[in-house]
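Reader: I would like to go through this structure with you before I return to the bench. May I put a few short questions to you?

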Amino acid sequence: MKQLKKTILTLVALLAVTTGAWAEEKMVTINSSTMSSGAVTATGLNIMMNNCLYVNSNTATITTSEGVITKLVIKKFDGTYGDNFTEANVGVTPGTITYGSDEIIVTDINAESVTLSRKGGDNWSTSSVDVYYASPSGPKVAWDKAKKTGTFTMPGGNVTLEPEYYDLATLADNGLTAAVDAAAKTEAPLAVLAENAVTGGTLMYFVIYDENFSQADAIALAEDEWEAAIPTAETIEAAGTYYVWYYIKGDDEHSDTDPQRLAVTVLPEPTYAVEFAEGTEESDKWSAIPNTGVKKGQQVTVNYSGSKKIIGVKAEKKAAPAEEPVTLATPLTIEAITAGTIRVKIDGPLETGMKYSVNGGTKTTITSTTSIEGLKAGDKVQFYGNGTQTQVYGGDTEVSIQGSGDGFQTKAYGNIMSLLDEEGFATKTDLPNTKYVFYGLFKENSTLIDASEMLLPATTLTEACYPQMFNGCTSLTTAPKLPATTLTISCYYCMFSRCTSLTSAYVKAAYIEDDDECGSIFGDCTATGAVLHTAPGSKASWENVMGTDKYWENWSVADDWEE
């Protein structure tokens, strides 16, 4: 790489995976004899001699009553009325225009009504316009009457199947056909730059899983290890956190920039379920294979073993269920974002009373060998404790909740008091009058990325109740709110120390009296753009107490915490 002369890179956005809309696409042609066809109507297109369509100073509009217009193909007219369309005199808004030798193709419209106009001062003409439109629908089931078997392609959502029976007196085929529903293949860029952000060179990318891969390592890479193509989720073999390194390869008048990196989380491919509608007749004679863990695009086979004549099977794409809000009645929960294993590490004499359940199932007592294996994306592990047996999770015995598995990621939420009172935690706000209640509970859990909805309702803290709670959680980006108003020695000591990805935290800073209460709370938290959110009026208090300490110097402070 060339030596850096000047940085000309402007980072604008990091895009998540996008998906196409599932729809059945149809097409009609608008010409001089057909200005309206089925669900499509055209207005403002003048009919001239030689059967051409003519657009002058007035605009023309094409509208569909079924869904949205997905594409237009405007055919060239070589007659004498108007100009052949050029970049100067043809306008289609919204949309993307591709100019060819014989036609204009306009895609990515996705609107019920599309306006045709002229960009320049000249009129233009066309022989016809092909209008493509689509209306939302469920996947089509191809039903083989002889084999009593049907197939369909799984969309990006759960599906409910509803068989359609012929009337006993009506056995004719009726010419029914089934089409395979296909979604447009969409790229999923991991990192992109806005238009015109790169000048004087070419943006190059390199993707690696290793977070310890440094800038010096990137500079040392051979030129052929970088690629100009935008990396996408489709090129990543497994879910997890990846690091996209990028730099601008200079041209004859510019030097290369130094490489920079973005941390990008690639989520696992979602899976869905297939079920038959409630009340389905002869439900014991119907089956769908597979019916759980089905990926988008995967083929599902529908079987019928009965003796009745079947017209076909209707498939309905179901809406995703709404997430339940997190409240004080929600027990401490660790949710798997990707597949992996959760284990409880216990150092010291074993104390009984700690339990877990998976997805709200039976509670199981935790032992020194507990390992919760086989978790899939979306699985939720709830944790409980019997306060008569387990008062603290640190001290002589240290308990920490860990995760393992390549690319395994989790988030934590719910009321931490469920570890102290499995029955009455929803109303519990007091901590045991002892040290180390939740000492190091998630210490060095590198799978935890989000704890923003974890609830710590105690307003009066005890000595060293939360020290090192998240120490070394290197993937954690967002911290839970700390609402306590009565603090004591070491209550927040090193609570988020070495959380190198942490960018957002909430502390009621007005109640901090001295550094002993929260020493090194953000030690080595060096993430760029990190913001400490405090209650209004407490910013000055926080800065007076912590302003001389080096370990949070990269943070900015905002008085914007609302209860």
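Reader: Let us begin with A558: is this residue buried or exposed?
Author: Please keep in mind that this is a predicted model. In it, A558 has a relative accessible area of 19%. The residue is buried, because the cut-off for that class is under 20%.

Reader: Which strand holds A558?
Author: A558 belongs to strand β37, which covers residues 556-558.

Reader: And what does A558 touch, leaving aside residues up to four places away in sequence?
Author: The contacts of A558 are V531, L532, H533 and T534. For one of these, L532, the C-alpha atom is 6.2 Å from that of A558, although the two residues are 26 apart in sequence.

Reader: Let me turn to charged pairs. How many salt bridges does the structure hold?
Author: There are nine salt bridges. One of them joins K75 to D130, with 3.1 Å between the closest N and O atoms.

Reader: Why does the pair of K75 and D130 tie together parts that are 55 residues apart in sequence?
Author: The two residues sit in separate strands: K75 is in β7 (residues 68-76) and D130 is in β12 (residues 124-136), so their salt bridge links parts 55 residues apart in sequence.

Reader: Are K75 and D130 buried or exposed?
Author: K75 is partly exposed, at 24% relative accessibility. D130 is buried, at 8%.

Reader: What about the salt bridge between E444 and R498: how far apart are the closest N and O atoms?
Author: In that pair the closest N and O atoms are 3.2 Å apart. E444 lies in the loop between β32 (410-415) and β33 (448-455), and R498 in the loop between β34 (478-482) and β35 (504-507), so the pair ties together parts 54 residues apart in sequence. Both partners are partly exposed: E444 has a relative accessibility of 46%, and R498 has a relative accessible area of 32%.

Reader: Which residue forms a salt bridge with K428?
Author: The partner of K428 is D430, and their closest N and O atoms are 3.4 Å apart. K428 counts as buried, with 19% relative accessibility, while D430 counts as partly exposed, with 46%.

Reader: Which residues are linked in a network of salt bridges?
Author: K355, K363 and E422 are linked in such a network.

Reader: A change of topic, if I may. In what order do the four strands of the open sheet run?
Author: The order is β13-β14-β23-β21, with antiparallel pairing. β13 (142-144) and β21 (286-289) are the edge strands, each pairing on one side only. From one strand to the next, the twist averages 20°.

Reader: Over how many bridges do β13 and β14 pair?
Author: β13 pairs with β14 (residues 149-153) over three bridges, in the antiparallel sense. As for W143, its bridge partner in β14 is G150.

Reader: Lastly, the nonpolar interior. Which residues of the largest nonpolar core touch the most other members?
Author: Those are F383, F470 and F496, in a core of 64 residues. There is also a second, separate core of 27 residues, whose members include A60, I62, I74 and F85.

Reader: Where do nonpolar side chains tend to be in soluble globular proteins?
Author: As a general tendency, they are buried together in such proteins.

Key. Residues are numbered from 1 along each chain as its sequence is written. This is a predicted model: local features need pLDDT of at least 70, side-chain atom pairs count only at pLDDT 80 or more; totals for chains, interfaces and linings use all residues. Side-chain values use heavy atoms; hydrogens and water are left out. A salt bridge is a side-chain nitrogen of Lys or Arg within 4 Å of a carboxyl oxygen of Asp or Glu. Buried means under 20% relative accessible area, exposed over 50%, partly exposed in between (1.4 Å probe, protein chains only). Two strands pair if DSSP finds at least two bridges between them. Axes are lines fitted to C-alpha atoms, for helices over the stretch in contact, and angles run from 0 to 180 degrees between N-to-C directions. Contact means heavy atoms within 4.5 Å. A nonpolar core is a set of buried Ala, Val, Leu, Ile, Met, Phe, Trp, Tyr and Cys residues joined through side-chain atoms within 4.5 Å.
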